[in-house]
Structure formats: C-alpha cells, structure tokens
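Let's take a walk through a protein together, one step at a time. Keep the sequence and the 3D view side by side as you read.

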Amino acid sequence: TKVDPNASIVVMVKADKAPYIHAWTTGVDGKNLTGAWPGKVMKGPEEIDGAKYWTYDFDDVESFNVILNNGSGAQSGDITGITGDIYLEYDGGKSAKKIDAPVNAAAKVTLSPNGGDFEKTISVTATLSSNAKSGWYKIGNGEQVALTPGKASTFTLGADMMEGESKTVTWSATNADNETKTGSATFNKIKEVVIPTPTGIF
C-alpha cells in the first residue's frame with residue numbers, strides 16, 4: 001500500500017552530539033535522500049526528559065534506510081525498512097538501536113495528506129499521536145473536533161468549496177506534561193480536469 005506522499009516521516013535520535021544521518025532508498029529508483037556520504041547533520045537538539053534528541057524529516061518517501069555516523073569515520077549499522085516515525089539511540093560511534101518514544105515527547109496530529117491541491121473532494125485522515133492526552137482539529141473557522149489518542153479520524157473536504165478556494169485545517173495536541181503543539185495544512189480545490197469525449201467515427 002502506498003502511503004500518502006505528503007506525510008513526512010520523522011527520525012528522532014537520542015544522542016549527546018548532533019549525529020550525521022545518511023539515508024537512502026533501495027530498488028529500481030533507489031537514491032540517496034541526504035546527499036553524499038556522510039549525509040546531513042541532524043537538527044536540534046530538543047530536550048526531552050533531560051536527554052537530547054535530534055530530528056530529521058523525510059518527505060515524499062514510503063520506505064527508506066538510514067546509517068547514523070559521527071562525520072569522522074565511526075558509523076552505525078544499517079537501520080532498514082523505516083516506514084513511519086522512529087526513535088533511535090546513538091552512542092556517537094558504531095551503535096544505534098531502536099528505542100520507544102519517550103513518554104514526554106511532544107504530542108502531535110498527523111494529517112494525511114498534509115495539505116495540497118485536489119479536484120472535487122478529498123478525504124483527509126487526522127491521527128492524534130498515542131502519547132497525547134488530548135487533541136483536536138478544525139476546518140477553517142469551524143468547530144473543534146476532538147480526537148482520541150492513537151486513533152485516526154477521517155473527514156472530507158471540498159463539497160462546499162468553489163474551485164480556486166482554499167481551506168486550512170488547524171490542529172492542536174497536548175501531552176501528559178501539558179505541553180501543547182499546534183500545526184496546520186492548507187488544501188486548495190483546483191479546477192477539475194475534464195478529458196473531452198472523442199467524437200466522430202472510429
């Protein structure tokens with residue numbers, strides 16, 4: 001099953017110093033996602049429960065692999081087949097392993113697709129992360145719709161929109177520490193592409 005191309009996958013790494021991340025896809029159109037070796041320095045840090053976490057977002061990719069390295073020779077093994085948000089711990093040398101999401105990580109709502117153009121109507125899924133205490137989304141200036149942690153909620157946009165009109169979906173998510181994160185995505189209804197019916201005799 002093809003995942004939504006607009007949803008991003010976040011790799012979070014618990015490490016003392018900013019790791020380099022080398023990411024690639026395999027297969028016919030396999031490519032490097034982070035340029036040439038040793039890749040890109042991860043962004044951060046975000047402090048969660050007194051530990052440093054570094055992040056890197058990947059867009060438009062369904063499944064990929066990563067190697068963490070320190071930029072000066074030491075590298076982890078391959079971490080393969082990443083298809084969703086993942087937490088790793090890296091010792092700055094040769095060892096990287098998958099870990100559970102920290103309890104106090106920021107909660108978030110993932111929208112799929114995360115905005116973009118559509119014709120006629122579009123079905124959007126809003127998922128509140130399972131570590132959230134509460135969260136909601138709203139369409140335009142509409143009512144807030146409560147979400148259940150870890151559960152997906154689907155809604156449809158476009159039925160009451162004119163071609164050329166945009167609507168913004170806003171969300172909010174609160175974790176157990178009462179930290180709230182917000183975000184939004186804009187959906188644009190574009191003119192329907194109608195393929196003319198051929199006429200004449202074949």
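## A threonine, and the strands around it

Let's begin with one residue: Thr174 is located in strand 16. Is Thr174 buried or exposed? Its relative accessibility is 13%, so Thr174 counts as buried, since the cut-off for that word is under 20%. Its side chain also has a polar partner: a contact of 2.8 Å links the side chain of Thr174 with the side chain of Thr180.

Before going further, please note that what you see is a predicted model. Now zoom out to the whole chain. The protein contains 17 strands and 0 helices, so to speak a good place to practise reading strands. Its C-alpha trace spans about 70 × 50 × 25 Å along the principal axes. The protein has 202 residues, and 36% of them count as buried.

Strand 16, where we started, runs over residues 166-175. Which sheet does strand 16 belong to? Strand 16 is part of an open sheet of 5 strands, in the order 11-17-16-13-14, with mixed pairing. At the edges of this sheet are strand 11 and strand 14, the latter covering residues 145-147. Each of these two has a single partner strand, so one side of each is left without a neighbour in the sheet. From one strand to the next, the twist averages 25 degrees.

You can follow one of these pairings residue by residue. Strand 13, residues 132-139, pairs with strand 14 over 3 bridges in the antiparallel sense. Within this pairing, Tyr137 has Val145 in strand 14 as its bridge partner.

Now look for another sheet. This one is also open and has 5 strands, with mixed pairing, and its order is 4-5-1-8-9. Which strands form its edges? They are strand 4 and strand 9 (96-99), each of which pairs on one side only. Neighbouring strands here are turned against each other by 35 degrees on average, direction ignored.

Let's stay with strand 1 for a moment. How many of its 6 residues are buried? The count is 5, so strand 1 is mostly covered. Strand 1 and strand 5 run antiparallel and are joined by 6 bridges. Along this pairing, Val10 stands opposite Asp57 in strand 5, and Met12 stands opposite Thr55 in strand 5. Strand 1 also pairs with strand 8 (residues 86-90): those two run parallel and are joined by 4 bridges. Here Val11 has Ile86 in strand 8 as its bridge partner.

Strand 1 takes us on to the largest pocket. What is the volume of the largest pocket? The value is about 910 Å³. The largest pocket is lined by 36 residues, and those nearest its centre are Ser8, Val10, Asp85, Lys108 and Thr110. You have met Val10 already, as the residue opposite Asp57. By class, the lining has 15 nonpolar, 15 polar and 6 charged residues. Several strands each supply at least two residues of this lining, among them strand 1 (9-14), strand 4 (43-48) and strand 5 (51-58). Strand 10 (109-112), strand 12 (122-128) and strand 17 (180-189) each do so too.

Finally, let's visit some loops, where the backbone offers a few details to look for. A cis peptide bond joins Trp37 and Pro38, with omega at about 5 degrees. Where is Pro38? Pro38 lies in the loop between strand 2 (20-24) and strand 3 (40-41). Another cis peptide bond leads from Ser112 to Pro113, with omega near -5 degrees. Pro113 is in the loop between strand 10 and strand 11 (116-118).

Then turn to the phi angles. Lys120 has a phi near 60 degrees, a positive value in a residue other than glycine, and Lys120 sits in the loop between strand 11 and strand 12. Asn178 likewise has a phi near 60 degrees, and is not a glycine. Its place is the loop between strand 16 and strand 17, which brings us back to the strand of Thr174, strand 16.

How values were computed:
Residues numbered from 1 in each chain as written. Predicted model: local features only at pLDDT ≥ 70, side-chain atom pairs only at ≥ 80, totals over all residues. Heavy atoms only, no water. 1 Å grid on protein atoms, 1.4 Å probe; cavity = no way out; pocket = protein on both sides within 12 Å on 5 of 7 lines; lining within 4 Å. Points joined across faces, edges and corners; volume = space filled by probe spheres on them. Nonpolar A, V, L, I, M, F, W, Y, C, P; charged D, E, K, R; others polar. Pairing = 2+ DSSP bridges. Axes fitted to C-alpha atoms, helices over the stretch in contact; angles between N-to-C directions. Buried < 20%, exposed > 50% of the residue type's maximum accessible area, 1.4 Å probe, protein only. Polar contact = N/O pair within 3.5 Å; in protein donor to acceptor, adjacent residues only side chain to side chain.
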